[in-house]
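Colleague: Before I set anything up with this model, I'd like a close look at one spot. Please start there and then work outwards.

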2 protein chains.
Amino acid sequence: MPATSRRHAIAADLRTQITEGHLKAGDRLPAETQLATQYAVSTPTLRNALADLQAEGLIEKIHGKGNFIRHPCSRIVYVGGGHPLAELPSPDAPLLVTVRTTQLHAQGDLTTLLKVPPGSSLVEYRCLSQEGSEPRTLARIYVPQDLAPAHASNDSGWTKALADRLSACDHRSTGIEETVTTRRPTPEEAALLHISPALAVLTITRVASDKAGRVIEAVRLILPGDRAEATFTIHSTPNEEGSEG
Amino acid sequence: MPATSRRHAIAADLRTQITEGHLKAGDRLPAETQLATQYAVSTPTLRNALADLQAEGLIEKIHGKGNFIRHPCSRIVYVGGGHPLAELPSPDAPLLVTVRTTQLHAQGDLTTLLKVPPGSSLVEYRCLSQEGSEPRTLARIYVPQDLAPAHASNDSGWTKALADRLSACDHRSTGIEETVTTRRPTPEEAALLHISPALAVLTITRVASDKAGRVIEAVRLILPGDRAEATFTIHSTPNEEGSEG
DNA sequence: GAGTGGTCTAGACCACGAG
DNA sequence: TCGTGGTCTAGACCACTCA
């Protein structure tokens, strides 16, 4: 019953060839017309099968060049729970982070997220981290204008500046709320993260507030759904549990 | 550039008609052949456009009947952080939960998840909760055989039994780890949750351990990605922060 | 220009649901 | 039986990449 359609059969065949190593990471698949004749199907059917693999993150389609086996996932682990910086495990290649700083005025979602009136001045840091040439994560950090450091974000000092500010926030914050959802990426996100528009992303929204309840930072993390996970660990201390019966 | 393809244009047109209320929830769309002539495209192109809407959770395709506008999402909120039972906000319709109890032996993922040797006796509770006739969440709860309550899971008493066991676990547990990922649903999950196979699900894996480090419960939650979110809130207590300089 | 993937057509045939 | 969606065909034409 599951293999009723040819597209599923073809996708399953290619999938096992990939996962079992008969097709290596980085390799190019035969041309779609060739694969179509090989599987004795028409090109649309063959392409539908490839679309499934693309949505699973197994292959990457590049217009004019071919279909390529994606490199096996080096998993991205977001560790929640209010750590000063959400740490990622040591990657195989050096991490490269490009930051784009933008000043903007609150509108739409941002007003409710940051609990500020529409039009408030904000600073957005868009951080795209790459492992070698592979994009890993996309983060948008929003900070009220008056809390943002007044530094020219040069490549060398941005990490330190961000870390300083974040640790300062952490010391002041009394509450951190993290929300995890999933959705399909916007075309821009798909392009930046180098993923298929059909591959869902994991979004993590992290809001930190200070003692007065003011939001001092909001982070929107966009992670490719095929290689990302978020973990939240708590060590319950029975003494603090004054809960209901 | 974004609206190059007809399928996107058609999908966008229908999307606005749905979100703006010109097409009401529960309504049936015109037949695909009719829509195809209406938009002056071939049936495959029209169907591709509908596939996009289906993957977004906006419409539901029912073979032999038609395409229907899905009811607007009543959001499912999973509250993490080790609460005895992850609570959901009050639904519009009464919640109906069906539980299927299965005894099985650990293998594959379950051995690493529960930290038990392969072949260990486990009890699986598959809980499908519905809001009226709409499926909401799918949970698989795994408990070591010797920790499972020896009750015949009848419909009336299951909730109490589960709650009792869970709260007991909570008092004993020293650690709860919750992991959130996203992926495409299995065909079974898509059928149970009544969602498109192309619509990603949010998966939450929750593992509770006792003081000795033994896993006393593992929960796999499957939530439809278009209407679910998981939140984790912490209130940092500065005294406990003995962190770096 | 040669080779590749991206989109689309105008049908055909099958499977499902309801009368 | 009829109308519906599900799958597939055998091409056509366009857009992109690279030499």
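Colleague: Where in chain B is H194(B) found?

Modeller: H194(B) is in the loop between α6 (187-193) and β8 (201-210) of chain B; helices (H or I, at least four residues) and strands (E, at least two) here are DSSP runs, numbered from the N terminus. Quick ground rules: this is a predicted model, local features need pLDDT of at least 70, side-chain atom pairs count only at pLDDT 80 or more, and totals for chains, interfaces and linings use all residues. Residues are numbered from 1 along each chain as its sequence is written, while chains are lettered from A and ligands numbered from 1 in the order in which they are written.

Back to your spot. H194(B) has a positive phi of about 65° although it is not a glycine. Most residues other than glycine have a negative phi. H194(B) counts as partly exposed because it has 14 C-beta neighbours inside 10 Å. The scale runs like this: 20 or more other C-beta atoms within 10 Å makes a residue buried, 12 or fewer makes it exposed, and partly exposed is in between, with C-beta atoms placed from the backbone.

Step back into helix α6 of chain B and you get to L192(B). With 17 C-beta neighbours inside 10 Å, L192(B) is partly exposed too. Leaving out residues up to four places away in sequence, L192(B) touches L128(B), P135(B) and L138(B); contact means C-beta atoms, placed from the backbone, within 7 Å. On the other hand, 36 Å separates the C-alpha atoms of L192(B) and K211(B), which are 19 residues apart along the chain.

Chain A offers another positive phi: K115(A), not a glycine, sits near 55°. K115(A) lies in the loop between α4 (109-114) and β5 (121-131) of chain A, and with 16 other C-beta atoms within 10 Å it is partly exposed. For a buried residue, try I141(A), which has 21 C-beta neighbours inside 10 Å. I141(A) is in strand β6 (residues 134-144) of chain A and, beyond four places in sequence, touches E124(A), Y125(A), C127(A), E217(A) and V219(A).

Now the core. The largest nonpolar core has 72 residues, and L114(A), L223(A), L114(B) and L223(B) touch the most other members. A core here is a set of buried Ala, Val, Leu, Ile, Met, Phe, Trp, Tyr and Cys residues joined through C-beta atoms within 7 Å. Not counting neighbours within four places in sequence, L114(B) is in contact with A106(B), L122(B), Y142(B), P144(B), V215(B) and A218(B).

Zooming out, chain A has six helices and 10 strands, and 31% of its 245 residues are buried. Where chains A and B meet, each contributes 32 residues to the contact. On chain B's side, β7 (173-183) and β10 (228-234) each supply at least two residues, with β7(B) giving the most, 11 residues. That side of chain B has 11 nonpolar, 15 polar and six charged residues. Ala, Val, Leu, Ile, Met, Phe, Trp, Tyr, Cys and Pro count as nonpolar, Asp, Glu, Lys and Arg as charged, and the others, Gly among them, as polar.

Chain B superposes on chain A by a rotation of 180° with 0.1 Å of shift along its axis, at RMSD 0.1 Å; the fit is least squares on the C-alpha atoms of residues with pLDDT of at least 70 in both. The two copies are thus related as by a two-fold rotation axis.

Then the DNA. Around strand D there are 22 residues, the closest being R6(A), S42(A), T45(A), G64(A) and A31(B); a residue is near when its C-beta atom, placed from the backbone, lies within 6 Å. That surface has four nonpolar, 12 polar and six charged residues. Strand C has 23 residues around it, and A31(A), R6(B), S42(B), T45(B) and G64(B) come nearest.

One caution before you simulate. Chain A has a mean pLDDT of 83, with 79% of its residues at 70 or more; pLDDT is the predictor's confidence in each residue, from 0 to 100. It stays under 50 over residues 152-157 of chain A, where the model has four contacts beyond four places in sequence, and over residues 239-245 of chain A, where there is one such contact. Where pLDDT is low, the predicted coordinates should not be read in detail.

Key:
Contact = placed C-beta atoms within 7 Å.
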